[in-house]
Amino acid sequence: MKRFIICFFLFILCSCNRNEIYIKQNLSMDNDVYERITYPVTPYKELNRYIDELILSITNKYHDTFQSDTVYELQITFDYYEQETTLSFLGTSYFKSTNNEETNYYPFTYDYLNKTFKTLQDIGLNNNYDYYFNGTNIYYVENNELQVIPYTNEVSKTTSKVIALTFDDGPNRRITPKILDLLDEYNIKATFFLIGKQIDENQEIVERMLASGHQIGNHTFTHHNILKLSDDEILAELRKTDEALSKLNYTPTIFRPPYGSYTKECVSDISKTVITWDLDSRDWELLDANKVYKKVMSEVKNNDIILMHDMYESTYEAVKRLIPDLLEAGYEFVTVEELLEIRE
Ligand code: NI
């Protein structure tokens, strides 16, 4: 197949590093192929050779596996961390073709005093280490080496502070997909309390929530204050929302009464767990991303269920800032169901 490859070479001097590590980038693209390899060039020949060989083994793997006319994307990047005489690297390859998508990690370290390499295997997590969590992996340093562990719920339950983001009154055609994009970007699970009457016309949004592993709760069919309804009317409100969700093969196990208003008596016939919240972002009242962000950041604590509404642009803007900063502060995001399990 005839193809035209455009290559760019970028050299960026990283002046902050006394070892003068340069970042070099090779970019190849045409109609079918997008290949971007960003890698460090160090003062150490052995190390550079090691990195070159690693890149070659990764690219060969995909070039061999897939025909040259297969549409594909390959990105290779390296994060590195320096401590004393050791440089620790995390190589990451992301591959996507029409039939396949995968991410692989290649952690290794180089001790430039002793000129020795070590690849990381059989990694176990220890509570004593400070770590950095990017939504997909946990990174930490042990014995001067950068360690990486793919994130799992099991790890989060035992090692960190957890919170549940909850979004009420959706699905909203304009804002909910943007919130879902954000959650996907960070691989974060949240909980959506849906108004039943909005489900049928937004089924694809709800399907997306389910496909991404978010939890869905019942928030009545018409968003009436249930204190003003009869027992039969309350049950009908819940049943109709359940019916709308049953078309998508989903049965919610949790219920949030509109305005958080209920009495024990009025929910006594309901076979769902009633969920309110610990932290009200007041997003519906503040309508200001900065104020919502500050309120949540100043009040958040471990095990909080946080109330927000996926119907305001300002809420979306606040969440966009909150997620990375809460991750940075050591919080991990779980669904309400997972949070209830952890609380037990
Ligand atoms: Ni509501």
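This briefing walks through the fold of the protein shown above, from its overall make-up to a hairpin and a few helices. The model is a predicted one. The protein has nine helices and 18 strands, and 31% of its 344 residues count as buried. Among contacts with a separation of 6 or more, 61% join residues that are 24 or more positions apart.

**The E5–E6 hairpin**

- Strand E5 covers residues 86-97 and strand E6 covers residues 101-111. Eleven bridges pair these two strands in the antiparallel sense.
- Three residues lie between E5 and E6, and the two strands form a hairpin.
- If you would like a landmark in the pairing, look for glycine 91, which stands opposite tyrosine 106 in E6.

**Asparagine 99 in the loop**

- The loop between E5 and E6 holds asparagine 99.
- Is asparagine 99 buried or exposed? It has 9 C-beta neighbours inside 10 Å, and 12 or fewer is the cut-off for exposed, so asparagine 99 counts as exposed.
- Valine 71 is 28 residues away from asparagine 99 along the chain, and the C-alpha atoms of these two residues are 9.4 Å apart.

**Helix H7 and its buried side**

- Helix H7 runs over residues 289-299, and its buried residues are Ala289, Val292, Tyr293 and Val296. These residues sit on the same side of H7 because they cover an arc of only 100° around the axis.
- Turn to the face of H7 that points away from the buried side and you will find the exposed residues Asn290 and Ser298.
- What do the buried residues of H7 pack against? Their partners are two strands, E16 (279-280) and E17 (304-309), together with two helices, H6 (283-286) and H8 (313-328).

**Helix H8 meets helix H3**

- Helix H8, one of the partners of the buried residues of H7, also packs with helix H3, which spans residues 176-186.
- The axes of H3 and H8 are 10 Å apart and make an angle of about 10°. Angles under 35 degrees count as roughly parallel, so H3 and H8 are roughly parallel to each other.
- Which residues bring these two helices together? From H3 come Lys178, Ile179, Leu182 and Tyr186, and they meet Tyr316, Val319, Lys320 and Ile323 in H8.
- Sorted by class, this contact of H3 with H8 has six nonpolar residues, two charged residues and no polar ones.

Technical notes
Residues are numbered from 1 along each chain as its sequence is written. This is a predicted model: local features need pLDDT of at least 70, side-chain atom pairs count only at pLDDT 80 or more; totals for chains, interfaces and linings use all residues. Two strands pair if DSSP finds at least two bridges between them. Helices (H or I, at least four residues) and strands (E, at least two) are DSSP runs, numbered from the N terminus. A residue is buried if 20 or more other C-beta atoms lie within 10 Å of its own, exposed if 12 or fewer, and partly exposed in between; C-beta atoms are placed from the backbone. The arc is that of the directions from the helix axis to the C-beta atoms. Two residues are in contact if their C-beta atoms, placed from the backbone, lie within 7 Å. Axes are lines fitted to C-alpha atoms, for helices over the stretch in contact, and angles run from 0 to 180 degrees between N-to-C directions. Angles under 35 degrees count as roughly parallel, over 145 as roughly antiparallel, 65 to 115 as roughly perpendicular and the rest as oblique. Ala, Val, Leu, Ile, Met, Phe, Trp, Tyr, Cys and Pro count as nonpolar, Asp, Glu, Lys and Arg as charged, and the others, Gly among them, as polar.
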